[in-house]
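Work through the exercises below with the sequence and the coordinates open. Each task is followed by a solution in steps.

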Amino acid sequence: QVQVVESGGGLVQPGGSLRLSCVASGSMFSTYSMAWYRQAPGKPRELVARIGRDGSTYYTSSFKGRFTISRDNAKNTVYLQMSSLQPEDTAVYSCNARQVQPYKYDYWGQGTQVTVSS
């Protein structure tokens, strides 16, 4: 069973930056597509960004230019660098590890709270 653990959340002032980390256990990390999602209170979960096995990236348009997703396969870790944070970025940020072979399966972490407030 793959375990996915996020870290790096916390309280940050408007305009500030934060870097989230996500570690997925096991030897297959480099074969996974990894993604960050977020869910704000009273809103549905939304995709922030995804990074493929080959390092290709996709961002939901509202996050382009402010957020950057990256991965370090040697550390089984994916990162989300967030900048110019605003109160509306307050949410629980969750990491997703997507296995595609031998079958598609999604692993999820518990999430990490990000609060943007002065």
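β9 and β10 form a hairpin, with 5 residues between the two strands. The model is predicted, so local features need pLDDT of at least 70 and side-chain atom pairs count only at pLDDT 80 or more, while totals for chains, interfaces and linings use all residues. Residues are numbered from 1 along each chain as its sequence is written, and side-chain values use heavy atoms, with hydrogens and water left out.

**Exercise 1. The hairpin**

Task: Describe how β9 and β10 pair, and find the unusual peptide bond in the loop between them.

Solution.
Step 1. Fix the terms: strands are DSSP runs of E with at least two residues, numbered from the N terminus, and two strands pair if DSSP finds at least two bridges between them.
Step 2. β9 covers residues 91–99 and β10 covers residues 105–108; the two pair in the antiparallel sense over 4 bridges.
Step 3. For the register, take A97, whose bridge partner in β10 is Y107.
Step 4. In the loop between β9 and β10 lies P102. The peptide bond that joins Q101 to P102 is cis, with omega about 0 degrees.

**Exercise 2. The partners of β3**

Task: Which strands are joined to β3 by bridges, and how many of its residues are buried?

Solution.
Step 1. β1 (residues 4–7) runs antiparallel to β3, with 4 bridges joining them. V4 has A24 of β3 as its bridge partner.
Step 2. β8 (residues 77–82) also pairs with β3 in the antiparallel sense, over 6 bridges. Here L18 stands opposite M82 of β8.
Step 3. Buried means under 20% relative accessible area, exposed means over 50%, and partly exposed is in between (1.4 Å probe, protein chains only).
Step 4. In β3 (residues 18–24), 5 of the 7 residues are buried, so the strand is largely enclosed by the rest of the structure.

**Exercise 3. The disulfide**

Task: Count the disulfides and give the handedness of the bond between C22 and C95.

Solution.
Step 1. Apply the criterion of cysteine sulfur atoms within 2.5 Å. The count is 1 disulfide.
Step 2. The sulfur atoms of C22 and C95 are 2.1 Å apart and form a disulfide. This pair links distant parts of the chain, 73 residues apart, with C22 in β3 and C95 in β9.
Step 3. The torsion about the S-S bond of C22 and C95 is about -80 degrees, so the disulfide is left-handed.
Step 4. Both C22 and C95 are buried.
Step 5. Turn to S94, which is also placed in β9. With 12% relative accessibility, S94 counts as buried. Leaving out residues up to four places away in sequence, S94 has contacts (heavy atoms within 4.5 Å) with residues including E6, W36 and W108.

**Exercise 4. Positive phi**

Task: N76 and S84 have positive phi; are they buried or partly exposed?

Solution.
Step 1. N76 is not a glycine, yet its phi is about 55 degrees. N76 is in the loop between β7 (67–72) and β8.
Step 2. The relative accessible area of N76 is 17%, so N76 is buried.
Step 3. S84, likewise not a glycine, has a phi of about 50 degrees and is in the loop between β8 and β9.
Step 4. S84 has 39% relative accessibility and is therefore partly exposed.

**Exercise 5. Rings and a charge**

Task: Classify the pair Y32 and Y107, then find the rings under the charged end of R45.

Solution.
Step 1. Rings of Phe, Tyr and Trp (its six-membered ring) pair if their centres lie within 6.5 Å; planes under 30 degrees apart are stacked, over 60 edge-to-face, and the rest tilted.
Step 2. The count is 4 aromatic pairs. Y32 and Y107 make a tilted one, at 6.2 Å centre to centre and 40 degrees between the planes.
Step 3. Y32 is in the loop between β3 and β4 (33–39) and Y107 is in β10, so the pair ties together parts 75 residues apart in sequence.
Step 4. Y32 is buried at 3% relative accessible area, and Y107 is buried at 10%. Y32, Y105 and Y107 form one aromatic cluster.
Step 5. A charge sits over a ring if NZ of Lys or CZ of Arg is within 6 Å of the ring centre and within 35 degrees of the ring normal.
Step 6. The charged end of R45 sits over the ring of Y37 at 5.5 Å from its centre. R45 also lies over the face of W108, 3.9 Å from the ring centre.
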